[in-house]
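Let's take a walk through a protein model together. Keep the picture open while you read, and look up each residue as it comes along.

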Amino acid sequence: VLAQGSGGQGMKDRFETVDADGDGRISTQEAAEWRETVFATMDADEDGQLTLEEYMTIQLGQGADPDQRGPRYTEKQAEKEAAFTAMDTAGHGAVTREQFLQGGEAEFTAADADGDGYVTLPEFIAARWM
């Protein structure tokens with residue numbers, strides 16, 4: 001059971017989706033595979049890069065249902081836009097697959113607080129990852 005304020009069921013569900021083998025931790029491989037899937041889903045025109053519009057259009061979790069969006073939805077969208085801008089290292093308004101995957105690697109490394117090469121549920125929640 002997750003403690004109140006710890007990230008809730010949505011974070012646990014997201015964690016379990018990425019933890020493909022169900023061992024209670026996300027490996028670098030699982031994170032990379034998830035990131036590949038997310039990129040393919042976002043890349044609507046299949047041109048190998050994401051525009052800001054493509055990146056912002058895909059909504060995960062409660063954001064996918066306008067009736068379920070919480071009070072922090074606008075704040076989370078601003079964070080998402082800032083993440084896109086950070087990945088767009090060339091500043092040309094698009095993020096390549098490589099840039100997207102590199103961004104995912106950096107997020108994984110930041111979330112892996114103990115540096116053991118895995119992200120556990122507490123680390124996932126603490127980092128508010130993905």
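## Charged pairs and buried faces

Let's start with one charged residue: Glu79 is partly exposed, because its relative accessible area is 38%. Keep in mind that you're looking at a predicted model. Glu79 has a partner, too, since its side chain meets that of Lys76 in a salt bridge, 2.9 Å from N to O. Both residues belong to helix H4 (residues 73-87), and being three residues apart there, they're separated by about one helical turn. Here's a handy rule to go with that: an α-helix has 3.6 residues a turn, so residues three or four places apart point the same way. Lys76 is partly exposed as well, with a relative accessible area of 32%.

**The whole chain**

Now zoom out. The protein chain has six helices and four strands. Follow them from the N terminus and you get the order α-β-α-β-α-α-β-α-β-α. Of the 130 residues in the chain, 32% are buried. What about the outside? The chain exposes about 7,800 Å², and carbon and sulfur atoms supply 52% of that. You can also ask how far along the sequence the contacts reach. Take the contacts between residues at least 6 apart in sequence: 54% of them join residues at least 24 apart.

**More salt bridges**

How many salt bridges does a search of the whole structure find? It finds five. You've met one of them already, and the table puts it beside two others.

| Pair | N to O distance |
|---|---|
| Glu79 and Lys76 | 2.9 Å |
| Arg97 and Glu36 | 2.4 Å |
| Arg25 and Asp23 | 3.4 Å |

Take the Arg97 and Glu36 pair, whose side chains meet in a salt bridge. Arg97 lies in helix H5 and Glu36 in helix H2, so this pair ties together parts that are 61 residues apart in sequence. Arg97 counts as partly exposed, with a relative accessible area of 38%, and Glu36 is partly exposed at 31%.

Stay with Arg97 for a moment. Which residues is it in contact with, leaving aside neighbours within four places in sequence? They are Glu36, Phe39 and Gly48. There's also Asp43 to look up: it sits 54 residues from Arg97 along the chain, and the C-alpha atoms of the two are separated by 9.1 Å.

Next comes Arg25, which forms a salt bridge with Asp23. Arg25 is partly exposed, with 33% relative accessibility, and Asp23 is partly exposed too, at 39%.

**A buried charge without a partner**

Asp19 is found in the loop between H1 and S1. Is Asp19 buried or exposed? It's buried, yet it has no salt bridge. The nearest side chain of opposite charge is that of Arg25, and it is 7.3 Å away. To form a salt bridge, a side-chain nitrogen of Lys or Arg has to be within 4 Å of a carboxyl oxygen of Asp or Glu, so that gap rules this pair out. Not counting residues up to four places away in sequence, Asp19 touches Gly24, Arg25, Ile26 and Glu30.

**Two helices to compare with the picture**

Helix H1 covers residues 8-18, and its buried residues are Met11, Phe15 and Val18. They cover an arc of only 65 degrees around the axis, which puts them on the same side of H1. What do these buried residues pack against? Their partners are strand S1 (25-27), helix H2 (28-42), strand S4 (118-120) and helix H6 (121-127).

Helix H5 (residues 97-111) has a longer list of names to find: its buried residues are Gln99, Phe100, Leu101, Gly103, Gly104, Phe108 and Ala111. You can check its length as well. With 15 residues at 1.5 Å a residue, H5 should span 21 Å, and its end C-alpha atoms are 21 Å apart, which agrees.

**One last stop**

Past H5, look for Ala113 in the loop between H5 and S4. Ala113 is exposed, because its relative accessible area is 68%. Finally, find Phe124: Ala113 and Phe124 are eleven residues apart in sequence, and their C-alpha atoms are 9.3 Å apart in space.

Key:
Residues numbered from 1 in each chain as written. Predicted model: local features only at pLDDT ≥ 70, side-chain atom pairs only at ≥ 80, totals over all residues. Heavy atoms only, no water. Helix = DSSP H or I, 4+ residues; strand = E, 2+ residues; numbered from the N terminus. Buried < 20%, exposed > 50% of the residue type's maximum accessible area, 1.4 Å probe, protein only. Contact = heavy atoms within 4.5 Å. Areas by Shrake-Rupley, 256 points an atom, 1.4 Å probe, with all protein chains shown as cover. Expected span 1.5 Å × (residues − 1). Arc of directions from axis to C-beta. Lys, Arg positive; Asp, Glu negative; His and termini not counted.
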